[in-house]
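Opening the notebook on this one. I want to look up the ligand site and then the sheets.

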Amino acid sequence: MEKDNLLEISDLTVQYNTDDAVVHAVNHFNLNLVRGEARGLVGETGAGKTTLALSILRLLPERVGEVVGGSIRYNGEELLTLPEAEMLPLRGKKISMIFQDPMTSLNPTHTVGDQILEVLDLHFPEMTKAEKAARVDEMMTLVGIPPERKGSFPHEFSGGMKQRIVIAMALVAEPELLLADEPTTALDVTIQAQILELMRQLKEKFNTSVMLITHDLGVVAQFCDSVSVVYAGRVVESGPVEAVFERKANHPYTAGLFNCIPDLNDNQPRLRPIPGHMADPRVVHEGCCFADRCEFATDRCRKEPPVMHTCGDHGILCHLYENKEEF
Ligand code: SF4
């Protein structure tokens, strides 16, 4: 294991076994997360990003979701074979998750203070009542909500404030790893910027590693150190944000995502969306999973799966980069 890797995912393959078909959600997925790093996981809806996060926490739907291969090592320890009793203290304490929609993440029948307190009750039985109460107040202050409001219920807050409460719950135990699944998607742009800034401050304060799941490259540029672009359950490109966003060399899918972003300096009459739809996850592809949508696809692409070609920390899963030493 690399010295400062907090999370190492190798060759992870996850499927959903439904009555009608097997859905191949995550396919031979590789990712390393360095301690203190913020990595963006970007891709269209259905790319397998949330399945990956649920696999890390071992929260895949019972009987339907199945990890069929690979490894998830956290602090050098294999999570996939860890007894459930050892997994429980990790969830919510060492590894925490923020879900997309704060409306459904909070219990409407409990006050927000009680919901933050519950995390402490569960993971820190050694703390006194007064210590826990002080910690709840401190956390509410940190996320910008007056502690006097801890007796209020979720419906008494706006969407942005609810997401702040969810962040307080996710960070009150000072986790080492935060999985943030589209934490700003349900919010308007102004609140989105505030929440990202808050997450950045808290990440620095607690030295938390963050895996930020998003479909928004702008959010990645604002928040992350590195990015993995995910298509059909695979990492098709990964690297430092500067290298990927430089746009000198990209996987055709990443290039397509960039082309979907309006450029105010470019007098372009229309955006250029990626043609076609996300690859059918029920189908096992013989060659490149992006071939049906790729303008550079050749016969070889349809028959032979590409391998990851790397230049420093920048990797691209595409035949086009086969003999390129630098990109
Ligand atoms: Fe396109 Fe071929 Fe590269 Fe796949 S391997 S992205 S089809 S050029």
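Ligand site. This is a predicted model, so I keep that in mind for everything below. I pulled the residues around the ligand and got His-251, Pro-252, Cys-288, Ala-291, Cys-294, Phe-296, Ala-297, Cys-301, Pro-306, Cys-318, His-319 and Leu-320. Cysteines at 288, 294, 301 and 318 are among them, and so are histidines at 251 and 319.

Next I sorted that shell by residue class. How many are nonpolar, polar or charged? I count 10 nonpolar and 2 polar residues in the shell, and no charged ones.

Where does the ligand sit? I find it in the largest cavity.

First sheet. I looked up the open sheet of 4 strands and noted its order as 2-1-4-5, with antiparallel pairing. Its edge strands are strand 2 (22-34) and strand 5 (77-78), and each of these pairs on one side only.

I then checked how strand 5 is attached. Strand 4 (residues 65-74) and strand 5 run antiparallel and are joined by 2 bridges. Which residue of strand 5 is the bridge partner of Tyr-74? I have it down as Glu-77.

There is a helix to log here too. Helix 1 (residues 49-56) lies across strand 1 (5-17), strand 2 and strand 4. I get an angle of about 115° between helix 1 and strand 1.

Second sheet. I went on to the open sheet of 8 strands, which has mixed pairing and the order 6-7-8-3-9-10-12-11. Why is one side of strand 6 and of strand 11 left without a neighbour in the sheet? Strand 6 (95-98) and strand 11 (308-311) stand at the edges and have a single partner strand each, so one side of each has no neighbour in the sheet. For the twist I noted an average of 20° from one strand to the next.

At the strand 11 edge, I find 4 bridges to strand 12 (residues 314-317), and the two strands run antiparallel. His-309 has Ile-316 in strand 12 as its bridge partner.

Last lookup. Helix 10 (residues 252-259) lies across strand 9 (226-231) and strand 10 (234-240). Helix 10 runs at about 100° to strand 9. I also jotted down that Pro-252 is one of the residues around the ligand.

Methods:
Residues numbered from 1 in each chain as written. Predicted model: local features only at pLDDT ≥ 70, side-chain atom pairs only at ≥ 80, totals over all residues. Heavy atoms only, no water. Near = heavy atom within 4 Å. 1 Å grid on protein atoms, 1.4 Å probe; cavity = no way out; pocket = protein on both sides within 12 Å on 5 of 7 lines; lining within 4 Å. Sits in = over half its atoms within 2 Å of the grid points. Nonpolar A, V, L, I, M, F, W, Y, C, P; charged D, E, K, R; others polar. Pairing = 2+ DSSP bridges. Contact = heavy atoms within 4.5 Å. Axes fitted to C-alpha atoms, helices over the stretch in contact; angles between N-to-C directions.
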